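I am opening a page of notes on how the helices of this chain pack and where its nonpolar residues gather. My entries follow the order in which I looked things up.

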Amino acid sequence: MDSSSQCDENSSSETDLDRSSTAVDSTDFSRTISDVSSFSERSEDHSGPYESHSHLRGLWPPPRRPSPGLNRLSMKQHSSDVFHKKSPAEDELELVKEKFSKLLLGEDMSGNGKGVCTAVAISNSITNLYATAFGTRHKLEPLPLEKKAMWRREMDCLLSVCDYIVEFYPSSQTLPDGTTVEVMATRPRSDIYINLPALEKLDAMLIDILDSFHKPEFWYIDDGKKSFSSGSSSFRRLSHRNEEKWWLPVPCVPPDTGISENGRKNLQQKRDCANQIHKAAVAINSGVLSEMEIPDSFLAGLAKSGKISLGESLYRAISTPERFSPDQLLDQLNMSEEHDALELADRVEAAMYVWRRKASTHHSKSSWKMVKELVSDEDKNVMLASRAESLLLSIKQRFPSLSQTTLDTSKIQYNKDVGQAILESYSRVLESLAFNIVSWIDDVLFADKSARKS
């Protein structure tokens with residue numbers, strides 16, 4: 001009896017330890033995603049809004065080199081001692097387990113199935129990871145090693161999902177006895193096979209551009225600090241293009257002489273490269289968004305006619321039979337604020353889909369006269385939809401940093417295709433990084449021009 005009770009006491013104490021250990025491990029799940037990315041590490045500074053590959057992938061699936069901790073995701077722990085000191089590999093293993101668990105739960109730690117779908121969860125993870133790694137960067141300088149390692153490691157984990165998004169195609173296979181049979185083989189889905197290696201190449205190029213500024217000929221002064229003998233406010237007016245962005249650091253160059261000729265030429269080359277990367281990322285993002293399904297909620301909220309969406313004056317300008325020029329129309333509207341441009345883009349896009357829906361609608365007409373009227377109306381709707389599309393493209397080109405339209409936001413929110421979610425979010429964050437690099441280089445070139453003029 002004594003030995004039996006002692007065993008019961010031991011098993012009870014072990015059960016208590018297991019429960020306490022479970023309680024300790026689950027405390028971190030109370031943190032919501034509003035604090036930081038559900039997939040990235042906690043950032044020290046949230047005040048602000050890659051393993052890079054040097055060549056495109058030649059094989060698919062790509063060869064990945066996970067750390068020792070990642071290779072043991074399916075291994076059980078052999079030690080039952082809760083006070084056992086874990087190695088760095090075991091700590092990384094537990095961290096990856098936790099992050100993937102939150103990802104598969106759709107960012108709902110309660111387990112009640114109220115989280116978002118997997119596609120939206122991965123899209124949010126990539127967006128939040130970018131904000132954690134690059135959100136506080138406002139200077140042309142190399143990314144800190146810990147941030148770069150975090151970006152490479154976690155992006156590699158998120159992109160590994162694409163290795164298993166495949167499509168079937170008919171193929172033939174020869175058996176050992178010489179018989180040829182038809183089988184269904186798998187290959188990477190075409191959109192992922194084309195776009196993902198290109199995005200990884202753009203990613204590596206942007207990181208290389210930032211790493212090249214390890215010994216620049218310019219420096220930065222944070223807001224509120226004095227430069228030389230003059231006040232910081234007057235110096236900011238001379239050295240910064242955007243006075244309204246007072247929180248950004250001010251680029252400084254050597255007075256009178258400015259940057260050297262070679263340094264100026266090098267800056268311009270890097271600006272052109274970043275600008276081309278931005279255009280490529282925009283093209284990929286636009287292509288992926290165009291392939292996403294339009295949510296029913298957006299179609300249900302459309303007006304009955306494009307004229308109602310645009311307004312009387314704008315509809316008259318688009319529907320005139322004369323030659324239509326979207327650039328001249330935007331010049332007449334004289335928009336200077338981005339929120340006005342975004343509002344116009346929403347109205348134009350809504351009208352475009354109203355006309356497209358009307359053009360694709362088929363009605364049963366009995367008389368030949370009614371059939372001719374239908375054909376005429378369809379031609380007019382196609383023409384109006386084409387003009388609205390060209391106007392929308394001109395708006396986005398004139399305002400490259402324009403936020404996503406209502407339709408784009410709805411597509412991302414209701415999208416359930418994991419591959420499209422990865423391509424869209426990856427291209428979107430690279431587009432943002434490329435645009436920021438171009439803007440930072442323009443600030444330095446403006447400061448150099450002002451110094452040489454003074």
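**Entry 1, one pair of helices.** I began with a crossing in this predicted model, and I found that α5 passes α7 in a left-handed crossing. I then looked up the axes of α5 and α7, which come within 11 Å and cross at roughly 150 degrees. Since angles over 145 degrees count as roughly antiparallel, I wrote down that α5 and α7 are therefore roughly antiparallel to each other.

**Entry 2, who meets whom.** Which residues of α5 meet α7? On the α5 side I listed N195, A198, L199, L202, M205, L206 and I209, and facing them in α7 I listed K270, C273, A274, I277, A280, A281, I284 and V288. When I sorted this contact of α5 with α7 by class, I counted 13 nonpolar residues, one polar and one charged.

**Entry 3, a closer look at N195.** I picked N195, whose place is in helix α5, and asked myself whether N195 is buried or exposed. Buried means under 20% relative accessible area, and N195 has 18%, so I noted N195 as buried. Leaving aside the neighbours within four places in sequence, I found N195 in contact with I284, V288 and L423.

**Entry 4, the other neighbour of my list.** Next I turned to α4 and α5, which pack at an angle of about 180 degrees with their axes 13 Å apart. That angle makes α4 roughly antiparallel to α5. In α4 I noted K148, W151 and L159, which meet L196, E200, D203, I207 and D211 in α5. By class, I recorded four nonpolar, no polar and four charged residues for the contact of α4 with α5.

**Entry 5, the nonpolar cores.** Finally I looked up the largest nonpolar core, which has 54 residues, and I noted that F134, L140, W151, F218, Y426 and I437 touch the most other members. Which helices each supply at least two residues of this core? My list reads α3 (118-134), α4 (145-159), α5 (190-211), α7 (261-291) and α15 (418-453). The largest share of this core comes from α15, with 15 residues. I also found a second, separate core of 28 residues, which includes V348, L392, F399 and L407.

**Entry 6, looking back.** Going over my pages, I saw W151 twice, once among the α4 residues that meet α5 and once among the residues that touch the most other members of the largest core.

Note on methods: Residues numbered from 1 in each chain as written. Predicted model: local features only at pLDDT ≥ 70, side-chain atom pairs only at ≥ 80, totals over all residues. Heavy atoms only, no water. Core = buried A, V, L, I, M, F, W, Y, C linked by side-chain atoms within 4.5 Å. Buried < 20%, exposed > 50% of the residue type's maximum accessible area, 1.4 Å probe, protein only. Helix = DSSP H or I, 4+ residues; strand = E, 2+ residues; numbered from the N terminus. Axes fitted to C-alpha atoms, helices over the stretch in contact; angles between N-to-C directions. Parallel < 35°, antiparallel > 145°, perpendicular 65-115°, else oblique. Left-handed = near helix turned anticlockwise from the far one by under 90°. Contact = heavy atoms within 4.5 Å. Nonpolar A, V, L, I, M, F, W, Y, C, P; charged D, E, K, R; others polar.
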